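The following exercises are to be worked with the sequence and the model side by side. Each task is followed by a solution in steps.

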Amino acid sequence: METRRTWLAAAAAAQAVAASVELVAQVPSYGLSVIGPLLAAHRLSARVTAVLGAVAVTVALLGASPAGPSASGVALNVAAVSLWAVLTAHTRARAERALDDVTRLAVTAQEALARPLPDRVGHVDLAAHTRSCDPYALLGGDVHDAVLTSAGPRLLLADVKGHGAQAIRVSAAVLAAFRRAAATEPDPVRLAHTLDELLRPELGPEDFVTLLLADFHPGEVRLVNCGHPAPLRVGRRLCPLAPPRPSPPLGLGPVPRLQRVHLSAGQRLLLHTDGLTDARDGDRAPFRLDVPQVHAALAEPALLDALEHLTDLVARHTGGAPLGDDLTIVLAQPTRTPAATAPEQGPGSRPRPTRPSA
């Protein structure tokens, strides 16, 4: 709105200057008289452009010199240019409306896919920060979601090869596959295999998806890591939880294995994509997690405050420069030991389906 008002003021001022030159100063300047409608055609409506065009024609008629070209010829030339400006404004306005409609549809589709994490799933509090390196994409190469299974909360964090809008198709496939299988598959290792099979038709020969699954149980978290950056346990110190035997990402022959890690109610789990550690300063130095400032930020009492302080550290490290990769950070903290947890499903048992948390 402010831009349109600015353009209207500029076009009106230019038209006033043209009228002053031709009528008051008696200096014929027929090309200057059409500057108002030409400026209006770039940002204003066809109606406003037509009004300024009519003013330009009037100024041309009134300012025509008896010694110069005929008044009708001058007015005809100014009218032709003004008409072209009106048609340009009309075409531009239609294109802008169409673009707005497509943009709204794209945003709605991305919001439906990239729904925000809830504040709590089961007995685990959650907070997430995600930023696409493409300013026009809500969903990029980073994917996260959470469901409540019969055994407890389950968290997904994945990173598709590529970033921004080019990775949206595969990212959407990752979310669809996870939401299809995550709530009914009790074994996270089998779930990783299932996701790999479901995604295989969507991946090219050189495509891959790094994957981190976190199942929260009383007093521990069970991790399955396929080529993803290791999460950190936040307690009295920061403890990287690298898998004992690394696995390739999905699409490259993953060999997922279960990793059981103690996680008490007073500790937190930091999950992130490589957009965090790949954030660079002016000297191309990566962002480091093993520093006291990061530990202090992650130890803030409120999860959202901890994330805000961490992202502030990243912004200071990069000097506010745009990120070169998508960034997702998730903090998870058990709030209490569940009073009653459904028995874990064995390999031969039939899992009880539950609805994913929204």
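On a 1 Å grid over the protein atoms alone, a pocket is an open set of points with protein on both sides within 12 Å along at least five of seven lines, whereas a cavity is a set of points where a 1.4 Å probe fits but cannot get out; lining residues have an atom within 4 Å of a point. Grid points are joined across faces, edges and corners, and a volume is the space filled by probe spheres set on the points. The model is predicted: local features need pLDDT of at least 70 and side-chain atom pairs pLDDT 80 or more, while totals for chains, interfaces and linings use all residues. Residues are numbered from 1 along each chain as its sequence is written, and side-chain values use heavy atoms, with hydrogens and water left out.

**Exercise 1. Describe the lining of the second largest pocket.**

Step 1. The volume of the second largest pocket is about 200 Å³.

Step 2. Its lining consists of G275, D278, A279, R280, D281, R284, T318, A321, P322, L323, G324 and D325.

Step 3. Sort these residues by class: Ala, Val, Leu, Ile, Met, Phe, Trp, Tyr, Cys and Pro are nonpolar, Asp, Glu, Lys and Arg are charged, and the others, Gly among them, are polar. The lining then divides into five charged, four nonpolar and three polar residues.

**Exercise 2. Place strand 11 in its sheet and state which way its side chains point.**

Step 1. Helices (H or I, at least four residues) and strands (E, at least two) are DSSP runs, numbered from the N terminus. The chain has nine helices and eleven strands.

Step 2. Two strands pair if DSSP finds at least two bridges between them. An open, antiparallel sheet of six strands follows the order 1-2-11-10-7-8. Its edges are strand 1 (120-121) and strand 8 (238-240), each paired on one side only.

Step 3. Strand 11 (residues 327-334) is joined to strand 2 (residues 124-131) by eight antiparallel bridges. Here L126 has A332 as its bridge partner, and R131 has L327. Strand 11 also pairs with strand 10 (residues 268-272) in the antiparallel sense, over four bridges, and H272 is the bridge partner of I329.

Step 4. In a regular strand the side chains alternate between the two faces of the sheet. In strand 11, L327, I329, L331 and Q333 point one way, and T328, V330, A332 and P334 point the other way. All are buried, that is, under 20% relative accessible area with a 1.4 Å probe, protein chains only.

**Exercise 3. Locate the largest cavity and identify the elements that contribute to its lining.**

Step 1. The count gives one cavity of 30 Å³ or more. The largest cavity holds about 80 Å³ of space.

Step 2. It is lined by 14 residues, of which T149, S150, A151, R154 and P186 are the closest to its centre. Strand 4 (152-160) and strand 5 (209-217) are the elements giving two or more residues to this lining.

Step 3. By class, the lining of the largest cavity has six nonpolar, five polar and three charged residues.

Step 4. Turn to strand 4, where nine of nine residues are buried. Strand 3 (residues 142-149) runs antiparallel to strand 4 and is joined to it by eight bridges; the two form a hairpin with two residues between them. T149 stands opposite G152 in strand 4. Strand 4 also pairs with strand 5 over seven antiparallel bridges, with L155 opposite A214.

Conventions:
Buried means under 20% relative accessible area, exposed over 50%, partly exposed in between (1.4 Å probe, protein chains only).
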